[in-house]
There are 2 protein chains.
Amino acid sequence: MISNKSKLFPADEQQVAHFAKALSHPARIAILRYLAEAKVCITGDITDAIPLGRTTVLQHLQVLKDSKLITGDIDGKKVCYCINTVVYDDMRKLFTTLFSDIDTINNCC
Amino acid sequence: MISNKSKLFPADEQQVAHFAKALSHPARIAILRYLAEAKVCITGDITDAIPLGRTTVLQHLQVLKDSKLITGDIDGKKVCYCINTVVYDDMRKLFTTLFSDIDTINNCC
DNA sequence: AATTTGTGCCGTATGTTTACGACAATAGAA
DNA sequence: TTCTATTGTCGTAAACATACGGCACAAATT
């Protein structure tokens, strides 16, 4: 997903970049918001909530699934999409750490 | 930078996605870290700190500049890259708001 | 003066993302 | 049974991202 040269960077920077990529499209933010609010997780409901074609939404769901931020467990014949709270909290911490590392009280040149 | 269909989404989701995209490569995280720590901002120093070709680093600097997270002001003949603290804090707030909106105490289906 | 070094800019090859249409299969309604 | 709706998968076109080499020019070094 992330290119070969990315491996040259520290693991934490790779991880933040990886999650940032997952959040880098408004549709995926909207999907996460939807999954957090709604208790349903069926494809049809999700695609109805997002102003994009069904296939495109499925693709965004796949990206989120690849990032582990959501699970897509097979519930009988359908797939049930849910936020993976463990991974989600990890991400939160990674961002928080990054933000406090980059302390912007710098007066540059 | 972000495709045409993205305009269909709420402004705040577009903004978070926009910043997430800027952070979606480890080189760009590394650049921000470097700019926050080092007080220098000359291209040569930055490219030395990043394990990628000079041209590629310049390209990542351009992406960060497009996102407004850094400025690239011309200081005589050279370009001086610095973190834009105002925009950076805006981003921080956007992420914080998103993270608290998406409250993961959901037990899905 | 000649050479090296550092910088900005241009092109460009390769790979990834985004967006969607078309297809097959399955489940439920007529 | 037949029809419709809903899903998952596959293919694909267009746009974008990543990574770098090469060129030109200015400043610093020899």
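Here is a short briefing on the two protein chains and the DNA strands they meet. This is a predicted model, in which local features need pLDDT of at least 70, side-chain atom pairs count only at pLDDT 80 or more, and totals for chains, interfaces and linings use all residues. Residues are numbered from 1 along each chain as its sequence is written, while chains are lettered from A and ligands numbered from 1 in the order in which they are written.

**Symmetry of the two chains**

- Chain A superposes on chain B (least squares on the C-alpha atoms of residues with pLDDT of at least 70 in both) by a rotation of 180° with 0.0 Å of shift along the axis, at an RMSD of 0.0 Å.
- That is how a two-fold axis relates its copies.
- Within chain A, A:Ala20 has the C-alpha nearest the axis, 2.4 Å from it.
- The copies meet through the same surface, because 100% of the interface residues of chain A are also interface residues in chain B.

**Fold of chain A**

- Chain A has five helices and two strands, taken as DSSP runs numbered from the N terminus (helices H or I, at least four residues; strands E, at least two).
- Their order along the sequence is α-α-α-α-β-β-α.
- Of its 109 residues, 30% count as buried, meaning that 20 or more other C-beta atoms, placed from the backbone, lie within 10 Å of the residue's own.
- Taking contacts (C-beta atoms, placed from the backbone, within 7 Å) between residues at least 6 apart in sequence, 48% in chain A join residues at least 24 apart.

**Around DNA strand C**

- DNA strand C is surrounded by 22 residues, the closest being A:Gly53, A:Thr55, B:Lys5, B:Gly44 and B:Val79; a residue is near a strand if its C-beta atom, placed from the backbone, lies within 6 Å of it.
- Two or more residues each come from helix H4 (54–66) of chain A and from helix H3 (43–49), helix H4 (54–66) and strand S2 (78–83) of chain B.
- H4(A) gives the most to this surface, with four residues.
- By class, this surface has six nonpolar, 12 polar and four charged residues; Ala, Val, Leu, Ile, Met, Phe, Trp, Tyr, Cys and Pro count as nonpolar, Asp, Glu, Lys and Arg as charged, and the others, Gly among them, as polar.

**Around DNA strand D**

- Among the 23 residues around DNA strand D, A:Lys5, A:Gly44, A:Val79, B:Gly53 and B:Thr55 come nearest.
- H4(B) supplies the largest share of the surface near DNA strand D, four residues.
- The surface near DNA strand D divides into seven nonpolar, 12 polar and four charged residues.

How values were computed
Two residues are in contact if their C-beta atoms, placed from the backbone, lie within 7 Å. A residue is buried if 20 or more other C-beta atoms lie within 10 Å of its own, exposed if 12 or fewer, and partly exposed in between; C-beta atoms are placed from the backbone.
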